[in-house]
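Reader: I am new to reading protein structures, and I would like to go through one with you, feature by feature. Could we begin with the cysteines and then turn to helices and strands?

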Amino acid sequence: MEPDQFLVDCPPFDGLSQSQRQWAVSQLQSVYMNEANCNDILQQMRPALFIVRSGAFDLRGADGWLIERLESGDLFGYPSLLTGREIVNRLKTIEDGIVYVLPGSAFDRLRNVSKNFEHYFIRAHGERLLTEQRSDSGGGESSDWTEQSVGSVITKSPVSLSSTTGIQQAAELMSEHGISSVLVVDEGQLVGILTDRDLRNRVIAQGLSYDVNVAAVMTQLPESVQENRSLLDALTTMTATNVHHLPVVNSRNQPVGMVTATDLIRQQRSEPVYLISAIRKATSREQLVTEAQKIPDYLQTFANRVKRTAVVGQLMASLTDGMTRQLIQLYEKDCGVAPAQYAWLAFGSQGREDQTLSSDQDNGLLLSNGLSDKQKDWFKGLGEYVCEGLHECGVPLCPGNIMASNPECRGTTDEWLQRFKGWTQSPTPKALMYCQIFFDSRAVVGNGPFYQSYREQVAELAQNDMFLGNLAMLVNKISVPLGLFNRFRTEDSDDGDTIDIKRYGIALINDISRIYALQAGLTVPGTPDRLKALESSQLLSRRDNQSLLEAWQFLTQLRLNHQLAVWNTDKPKNALQPDELSTLSRRQLKSAFKIIKQAQQGVGLKFSRQGY
C-alpha cells in the first residue's frame, strides 16, 4: 500500500484535504526500525511525528512502565512536538517494521492549516498524560477526595434570583426546587445569598412583611470559592467562616453552582469503606434497601475519581456481595442458622467482579449431599428471600432466571457436578450457553474447602477437547463489527447507528479468556486474573495476552463512561454510537476490535478442529 493510501485510513490524516495529505506524503521519510536502532533513530530525528507503518513497538516511560503498544497506524513523538520537552520515553521493538517520519516543521504547518489536525493531537496528548499518570501511580486510584476540584462535584445549574425579588416569591422558588439556599445575582454578578436561616432569623423572627425585597435580608457579598479550587479549599473556607452554603463562581465572579456541607459529607461517604460499612450495619431489610438506594450516586462519584476501570466493577461486586451477606444474616435471624453446609455462588459479572450498575442477578446455591426435605425447604426460602431482597436493593432480577430462587440453580455437590459433566460431554447450544455463565463462579458465602473441592472438580471436567472445541466454534460465530476498509458495522436502532460493545467486545474477550483458562485448569473467574495467570503458560503468547487485557480495559472504560453519561435515561446502557466518539476513541475502538478478531482466529485454529 502506498503512503497516500495508508494515510487515508490513519487519523488525523484522514481528516485532511487530498492536497494537504499529498503534501504531507511528500514530507515523509521512511525508516526501518529494529531493536538495535529504534532509540537512536528516535533521538536523531526528533523533533518529529513518527507513524508506525508495520511492526510493533512498546513505548515505555523512563521508569520502565508500559505506556502504549504501538502497531500499524499508531503515532508517537507528538508530546515532544507540542511541548518542546526532551524525549525521555524509550522504545522496545517487539517486531521489526517500517516507520514514517514527519519532520517537526511539516507537523507545525499542518497544525496551522487544519484545526482538526491540531485538536486531535491536543486530545491525544491529554490521553497520553493520563496514561503516564496511571503508570506513575502503579495503576492505582487516588484516594484523597479533597484533591477533587469544586467544579467536579457541581451537578446542578445554580438557582438564582435578583435582589429586587420579594421574600415570599423567593421562598416559593426555594420550595419549588427543594433547596435551602438561593443565589442572588444582579447583572450576571453574585451579590448575595439567601438561606433558610436568613428567612427564619431576619424575616419570621423579626416579624417583617413578606413584601420586603431579598436585598433587605440577604447575606451580602458572601464568601465564595472558584470552581477550579479543591474541595479542601471549600472545606477550609466553610469551616473558617462557619457557613454551610458556599457559592461557586468562575473567574469572572459569575455563579456556576453551590456546594454545601452535605455535598462535602457525601464526597467523604463516597469512599468504598463507607459504602460497604453502611450495608454491613443494616439491621433490617428496610434499612438495607435505604442504604442500597444511595449506591448509584456514590458509584458515579467514585467512578469519576478512579484511574483503573476494573476497580469500579470490583466495588460494585463487593457491594452486591455485602448486600447478599446481610440478607443471608437477616434470613438466618428469622429462620435459624443454616441446617447444613452450603455456599452462595455468584455467577456471571458478579462472579468475575466486573459488574456495572445495569448488571442483573446471576447466583445459585451449592448444597451438601444427602439433604432432607425440611433442609431443602430452608434453602428454598433462603434463595427466594435473598433474590427478592437484592431486587428491592436495585439489582435487577435475571431475565433468564439464573438465580438461587430457581430450583434449577440450587443443587447439591453431586447434582451440580452431574450437570457440568452432562454439559461438557454433550455440548448442545443450550449447554454451551449455561457453561458461559456457570464456569464464572465465585463463593460469596462458604468459600472454604467445601467450595474449593467442588470448584477443582468442575475445572477438571472442563478439560475436554470436544467441549472446548465447541466453545471455540461458538465464539467464532459472533462477528466483530468491522467491515470492508476497516469501517464500523453498526446496527440501526431508535437511538441511531449503534454498536453493542458488551456483546461484540467485552463479552467476546471474556469468552476467549475463559476457553484458555478452562484448558489450563484455572479456577479464578475474573478476566484480568485469568489473563495474568496465563502469562507464564504456553497457551497464549505474552504479546496476545497483553493486547487482550488492554482491549478489555479500554472497552470497559468506554462502557463505564457511556453508562455514566446515559444513566437515568432510557438510552441503551451497552450500545453506543461510534460517530459520537472522538477520533482518537474511534481509532482505539477499531484497534480493540482488530485484537478481538485476531484472538477469535487464534482460538479457532487451536480449538475448533476438536469440536463437531
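Author: A disulfide is a covalent bond between the sulfur atoms of two cysteines. In this structure, which is a predicted model, there are zero disulfides.

Reader: Why is there no bond for C335 or for C393?

Author: A disulfide needs two cysteine sulfur atoms within 2.5 Å. The cysteine sulfur closest to that of C335 belongs to C387 and lies 15 Å away, which is too far for a bond. For C393 the closest cysteine sulfur is also in C387, at 12 Å, and that too is too far for a bond.

Reader: Are C335 and C393 buried or exposed?

Author: C335, with 41% relative accessibility, counts as partly exposed, whereas C393, with 7%, counts as buried.

Reader: How should I read two helices that pack together, and at what angle do α21 and α23 cross?

Author: Two packed helices are described by the angle between their axes and the distance between the axes. Here the axes of α21 (residues 502-519) and α23 (residues 542-566) come within 10 Å and cross at roughly 145 degrees, and the crossing is left-handed. The contact involves residues of α21, including I506 and I509, and residues of α23, including W552 and L555. By character, the contact residues divide into seven nonpolar, three polar and two charged.

Reader: What is the order of the strands in the sheet of three strands?

Author: The order in this open sheet is β12-β13-β14, and the pairing is mixed. β12 (225-226) and β14 (255-260) are the edge strands, each pairing on one side only. Between β13 (residues 245-249) and β14 the pairing is antiparallel, over five bridges, and V248 has G257 of β14 as its bridge partner.

Note on methods. Residues are numbered from 1 along each chain as its sequence is written. This is a predicted model: local features need pLDDT of at least 70, side-chain atom pairs count only at pLDDT 80 or more; totals for chains, interfaces and linings use all residues. Side-chain values use heavy atoms; hydrogens and water are left out. Two strands pair if DSSP finds at least two bridges between them. Helices (H or I, at least four residues) and strands (E, at least two) are DSSP runs, numbered from the N terminus. Axes are lines fitted to C-alpha atoms, for helices over the stretch in contact, and angles run from 0 to 180 degrees between N-to-C directions. A crossing is left-handed if the near helix is turned anticlockwise from the far one by less than a right angle, and right-handed if clockwise. Contact means heavy atoms within 4.5 Å. Ala, Val, Leu, Ile, Met, Phe, Trp, Tyr, Cys and Pro count as nonpolar, Asp, Glu, Lys and Arg as charged, and the others, Gly among them, as polar. Buried means under 20% relative accessible area, exposed over 50%, partly exposed in between (1.4 Å probe, protein chains only).
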